[in-house]
Amino acid sequence: QVHMVESGGGLVQAGGSLRLSCVYSGSIASINAMAWHRQVPGKQRELVAGIIGEGITNYVDSVKGRFTISRDNAKNTVYLQMNSLKPEDTAVYYCYARCNYWGIERDYWGQGTQVTVAS
């Protein structure tokens with residue numbers, strides 16, 4: 001299994017920036033995809049940004065051009081750089097890992113970190 005710990009959340013003014021970090025450990029070799037999701041109370045969790053393979057990325061339309069997901073293999077860390085933040089970006093952000101064990105996929109989640117954007 002994979003264990004993940006997020007950090008970097010907090011309060012920021014609209015237009016500001018934050019960088020979220022997700023440090024992972026465990027069966028690192030089994031990971032075939034990582035992502036950041038976010039969730040607002042009363043709404044479903046949504047994919048924000050994902051990274052697969054050697055660095056293929058995808059983003060939800062609402063954050064394209066503002067957010068960047070990256071991975072530092074040497075530090076076992078996935079980052080989410082968030083620029084030009086908007087109040088609607090306020091949510092709990094979760095790190096996600098998809099792992100494959102003998103052809104069976106498993107999902108792992110971090111504890112989440114709160115991001116609050118004030119107008």
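Biologist: Let's start in the middle: which residue of strand 8 is the bridge partner of Ile69?

Modeller: Gladly, and do keep in mind that this is a predicted model, in which local features need pLDDT of at least 70, side-chain atom pairs count only at pLDDT 80 or more, and totals for chains, interfaces and linings use all residues. Residues are numbered from 1 along each chain as its sequence is written, and side-chain values use heavy atoms, with hydrogens and water left out. Strands are DSSP runs of E with at least two residues, helices are runs of H or I with at least four, and both are numbered from the N terminus. Across from Ile69 in strand 8, the bridge partner is Leu80.

Biologist: How many bridges join strand 7 to strand 8?

Modeller: Two strands count as paired if DSSP finds at least two bridges between them. Strand 7 covers 67-72 and strand 8 covers 77-82. They run antiparallel, and the number of bridges joining them is six.

Biologist: In the hairpin of strand 7 and strand 8, which residue takes a positive phi?

Modeller: Four residues sit between the strands of this hairpin. Most residues other than glycine have a negative phi. One residue in the loop between strand 7 and strand 8 has phi near 50° instead, and that residue is Asn76.

Biologist: Is Asn76 buried, partly exposed or exposed?

Modeller: Buried means under 20% relative accessible area and exposed means over 50%, with partly exposed in between, using a 1.4 Å probe and protein chains only. The relative accessibility of Asn76 is 26%, so it counts as partly exposed.

Biologist: Where is Ser84, and what is its phi?

Modeller: Ser84 belongs to the loop between strand 8 and strand 9. At 41% relative accessibility, Ser84 is partly exposed. Though not a glycine, Ser84 has a positive phi of about 50°.

Biologist: How many residues of strand 9 are buried?

Modeller: Strand 9 spans residues 91-101 and is largely enclosed by the rest of the structure. That follows because the buried count, out of eleven residues, is nine.

Biologist: Which residue in strand 9 stands opposite Met34?

Modeller: Strand 4 (residues 31-39) runs antiparallel to strand 9, and eight bridges join the two. Opposite Met34, in strand 9, is Ala97.

Biologist: Which residue in strand 10 stands opposite Cys99?

Modeller: Strand 10 covers residues 104-109 and is joined to strand 9 by six bridges in an antiparallel arrangement. Their hairpin has two residues between the strands, and Trp102 there takes a positive phi near 50°. As for Cys99, the residue opposite it in strand 10 is Arg106.

Biologist: Which residue in strand 11 is the bridge partner of Ala91?

Modeller: Strand 9 also pairs with strand 11 in the antiparallel sense, over three bridges. In strand 11, Ala91 has as its bridge partner Val115.

Biologist: Is Ser21 buried or exposed?

Modeller: Ser21 sits in strand 3 (residues 18-26). Contact means heavy atoms within 4.5 Å, and, leaving aside residues up to four places away in sequence, Ser21 touches Val5, Glu6, Ser7, Trp36, Thr77, Val78 and Tyr79. Its relative accessible area is 14%, so Ser21 is buried.

Biologist: And Ser119, is that residue buried or exposed?

Modeller: Ser119 lies in the segment after strand 11 (113-118). Setting aside residues up to four places away in sequence, Ser119 touches Gln13, Ala14 and Pro87. With 82% relative accessibility, Ser119 is exposed.

Biologist: What separates the C-alpha atoms of Ser119 and Lys86?

Modeller: Along the chain, these two residues are 33 residues apart. In space, their C-alpha atoms are separated by 7.5 Å.

Biologist: Zooming out, how many strands does the chain have?

Modeller: Read along the sequence, the pattern is β-β-β-β-β-β-β-β-β-β-β. The secondary structure comes to zero helices, and the number of strands is eleven.

Biologist: What is the radius of gyration of the chain?

Modeller: The radius is taken over C-alpha atoms, and the globule rule is 2.2 Å times the number of residues to the power 0.38. For 119 residues, a compact globule would come near 14 Å, and the chain agrees, at 14 Å.

Biologist: What share of the residues counts as buried?

Modeller: Among contacts between residues at least 6 apart in sequence, 56% join residues at least 24 apart. Of the 119 residues of the chain, the share that counts as buried is 40%.
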